Amino acid sequence: PKLQMVADLLTKHSGREPALYKTLVEKLGPDQYAVAPAECHWEHRLVNLYAVHNPSKLATIPVLLEKYRGQETQLLQSVIDRYGTDPVPCLADPNRSRLERFFSVYDKDRLPTITNLLRKYGDNISDVIGVLIDKYGPEPLTEEESLKQIKISQLYWLKYSPMEFGLFEEEISKHKHFEDQYVKELSGKYPGDVPTIDSLAERGKRIFEDYNHKEMEPVNSPERTTRWEIEDEQLASW
């Protein structure tokens, strides 16, 4: 029901959108979708600026974007110079972000087509992503997702190839944007539970305790030889 009130609220508070936005934040809490203006797409920022300062210009945005294709940054700056900084935060657009990641990795020449794709397909952008996956390959990960997969990859290396860990950065760089695929390769190569910091720490503690115990045994002790062999096997399995 509250969504149906949005149009009425905007009409009622026309020209006073920043005050309306501030009131809603105070009443309902922080806007979880708001991002810093610098991180927002320039088209969203143009809409924000004109909606507050000169609504009659909203209809001209598509024409302006076409006229200043390739010079959008300069266009935005000229509007800011005239009206001031962004009056309200813009909203993060996950669909635009997905397309930007995809084209940035596979086909940078198609980045300028994103706005038209969003206008044409709207909420059905997942269908577009599906077509792109069929044409180019897996969808690139977000930065947050990549970091998570890198950490998991590191744990695999620390457990199974600790002596070669110096080569990890070179290897993981070959899988940039698709680290999840590399984790799948590692899990296939080393089946079992995914390594964790706690499991590696516990294993290291056990081996360390074995070494300490070994040092207290006689040099010619058969048990000592056995411990060396066991520890070598343990280390080799990391």
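# Reading a predicted model by its cut-offs

User: What makes Lys 174 count as exposed rather than buried?

Analyst: The relative accessibility of Lys 174 is 57%, and because the label "exposed" is given over 50%, Lys 174 counts as exposed. This value, like the others discussed here, is computed from a predicted model.

User: How do you know that Lys 174 and Glu 171 meet in a salt bridge?

Analyst: The N to O distance between the side chains of Lys 174 and Glu 171 is 3.4 Å, and the rule asks for a side-chain nitrogen of Lys or Arg within 4 Å of a carboxyl oxygen of Asp or Glu, so the pair qualifies as a salt bridge. Its acidic partner, Glu 171, has a relative accessibility of 22% and counts as partly exposed, because that label covers what lies between the cut-offs of 20% and 50%.

User: How many salt bridges are there by this rule?

Analyst: The count comes to 3 salt bridges. Salt bridges that share partners join Arg 98, Arg 101 and Glu 139 into one network.

User: What is the evidence that Glu 139 meets Arg 98 in a salt bridge, and why does the pair tie together parts that are apart in sequence?

Analyst: The side chains of Glu 139 and Arg 98 come to 2.9 Å, N to O, and the cut-off is 4 Å, so the pair is called a salt bridge. Glu 139 lies in the loop between helix H8 (125-136) and helix H9 (143-160), whereas Arg 98 belongs to helix H6 (residues 94-106), so the pair ties together parts that are 41 residues apart in sequence.

User: How do you know that Glu 139 and Arg 101 also meet in a salt bridge?

Analyst: Here the N to O distance is 3.7 Å, and because the rule accepts a pair within 4 Å, Glu 139 and Arg 101 form a salt bridge. This pair likewise links distant parts of the chain, with Glu 139 in the loop between H8 and H9 and Arg 101 in helix H6, 38 residues apart.

User: Why are Glu 139, Arg 98 and Arg 101 called partly exposed?

Analyst: The relative accessible area is 22% for Glu 139, 22% for Arg 98 and 23% for Arg 101. Buried would need a value under 20% and exposed a value over 50%, so these values fall in between.

User: What makes Gln 149 buried, and which residues is Gln 149 in contact with?

Analyst: Gln 149, found in helix H9, has a relative accessible area of 16%, and because buried means under 20%, the label applies to Gln 149. Leaving aside neighbours within four places in sequence, Gln 149 is in contact with Leu 141, Glu 179, Asp 180 and Val 183.

User: Why are the buried residues of H8 said to be on the same side?

Analyst: The buried residues of H8 are Ile 125, Val 128, Ile 129 and Leu 132. They cover an arc of only 100° around the axis, which puts them on the same side of H8. An α-helix has 3.6 residues a turn, so residues three or four places apart point the same way. The buried residues of H8 pack against H6 and helix H7 (114-121), while the face turned away from the buried side carries the exposed residues Asp 127, Val 131 and Asp 134.

User: What makes the buried residues of H7 line one face of the helix?

Analyst: In H7, the buried residues are Ile 114, Thr 115, Leu 117 and Leu 118. Seen down the axis of H7, they fall within an arc of 165°, so they line one face of the helix.

User: Which residues make up the largest nonpolar core, and which helix gives the most to this core?

Analyst: The largest nonpolar core has 11 residues in all, among them Leu 46, Tyr 50, Ile 61, Leu 75 and Val 79. Helix H3 (42-53), helix H4 (61-67) and helix H5 (72-83) each supply at least two residues of this core, and H5 gives the most, with 5 residues.

User: Where is confidence lowest and where is it highest?

Analyst: Confidence is lowest in strand E1 (residues 34-35), at a mean of 47, and highest in helix H10 (residues 168-173), at 94. The protein averages a pLDDT of 75, and 64% of the residues score at least 70. Over residues 215-221 pLDDT stays under 50, and over residues 223-228 it also stays under 50. Where pLDDT is low, the predicted coordinates should not be read in detail.

Notes:
Residues numbered from 1 in each chain as written. Predicted model: local features only at pLDDT ≥ 70, side-chain atom pairs only at ≥ 80, totals over all residues. Heavy atoms only, no water. Helix = DSSP H or I, 4+ residues; strand = E, 2+ residues; numbered from the N terminus. Buried < 20%, exposed > 50% of the residue type's maximum accessible area, 1.4 Å probe, protein only. Core = buried A, V, L, I, M, F, W, Y, C linked by side-chain atoms within 4.5 Å. Contact = heavy atoms within 4.5 Å. Arc of directions from axis to C-beta. pLDDT = per-residue confidence, 0-100.
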